[in-house]
Amino acid sequence: MSGYLKQTTILYVEDDKDVRDAYKRTLRRFFKEVFIASNGAEGLELYKRYRPDIVMSDIKMPKKNGIEMAKEIKNNFQPDKLIELFYKLQENLNVFTEILTDFLLMLLFFLEKHPPQIPFHRIL
């Protein structure tokens, strides 16, 4: 696979090891480089070191939650990147994970075929 996504880096932050491993395998198929963190504090350190193009994070995590991490990134680095926050539902987790995975894959295929003509905008 070539194109826009293969020139893009992503930081994925998730405390659930099984979910993190599944997304890591999927994301590596699409992106130039994938950085993986198991909590917000680790995610913030990886962001400082590598400045990835996209940050995708869970919200409820130990040490530093996804919202705290995203605010620190926004306030300290003023990124021109997309910061996406996903909340892991406690009920119906398997259904939610399947829906989210399907959405992510559709988004990745769409971006590969139709790269944005303008930079990602900040959210938050």
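User: What has to be found before two strands count as paired?

Analyst: Two strands pair if DSSP finds at least two bridges between them. In this predicted model, strand S1 (residues 9-13) and S3 pair in the parallel sense over four bridges. Within that pairing, Ile 10 stands opposite Ile 54 in S3.

User: Where do S1 and S3 sit in the overall order, and how many helices and strands are there?

Analyst: There are four helices and four strands, and along the sequence they follow the pattern β-α-β-α-β-α-β-α.

User: How do I read the side chains of a strand, and which way do those of S3 point?

Analyst: In a regular strand the side chains alternate between the two faces of the sheet. From S3, Ile 54, Met 56 and Asp 58 point one way, while Val 55 and Ser 57 point the other way.

User: Are these S3 residues buried or exposed?

Analyst: Five of the five residues of strand S3 (residues 54-58) are buried, so the strand is largely enclosed by the rest of the structure. For the protein as a whole, 40% of the 124 residues count as buried.

User: How do I read burial along a helix, and which residues of H2 are buried?

Analyst: An α-helix has 3.6 residues a turn, so residues three or four places apart point the same way. In H2, the buried residues are Gly 40, Gly 43, Leu 44, Leu 46 and Tyr 47. Seen down the axis of H2, they fall within an arc of 165°, so they line one face of the helix.

User: What does that face of H2 pack against?

Analyst: The buried residues of H2 pack against S1, S2, S3 and helix H3 (66-77).

User: What is found at the two ends of H2?

Analyst: At the N-terminal end, Asn 39 caps H2, with a side-chain oxygen 3.0 Å from the backbone nitrogen of Ala 41. Just after H2, Arg 51 takes a positive phi of about 45°.

User: How is a pair of aromatic rings described, and how many such pairs are there?

Analyst: The description uses the distance of the centres and the angle of the planes. A search of the whole structure finds two aromatic pairs. In one of them, the rings of Phe 35 and Tyr 50 have centres 4.3 Å apart and planes at 15°; planes under 30 degrees apart count as stacked, so this pair is stacked. The pair links distant parts of the chain, with Phe 35 in strand S2 (residues 33-37) and Tyr 50 in helix H2 (residues 40-50), 15 residues apart.

User: Which of Phe 35 and Tyr 50 is buried, and which is partly exposed?

Analyst: Phe 35 counts as buried at 9% relative accessibility, whereas Tyr 50, at 39%, counts as partly exposed.

Methods:
Residues numbered from 1 in each chain as written. Predicted model: local features only at pLDDT ≥ 70, side-chain atom pairs only at ≥ 80, totals over all residues. Heavy atoms only, no water. Phe/Tyr/Trp six-rings, centres within 6.5 Å; stacked < 30°, edge-to-face > 60°. Buried < 20%, exposed > 50% of the residue type's maximum accessible area, 1.4 Å probe, protein only. Arc of directions from axis to C-beta. Contact = heavy atoms within 4.5 Å. Polar contact = N/O pair within 3.5 Å; in protein donor to acceptor, adjacent residues only side chain to side chain.
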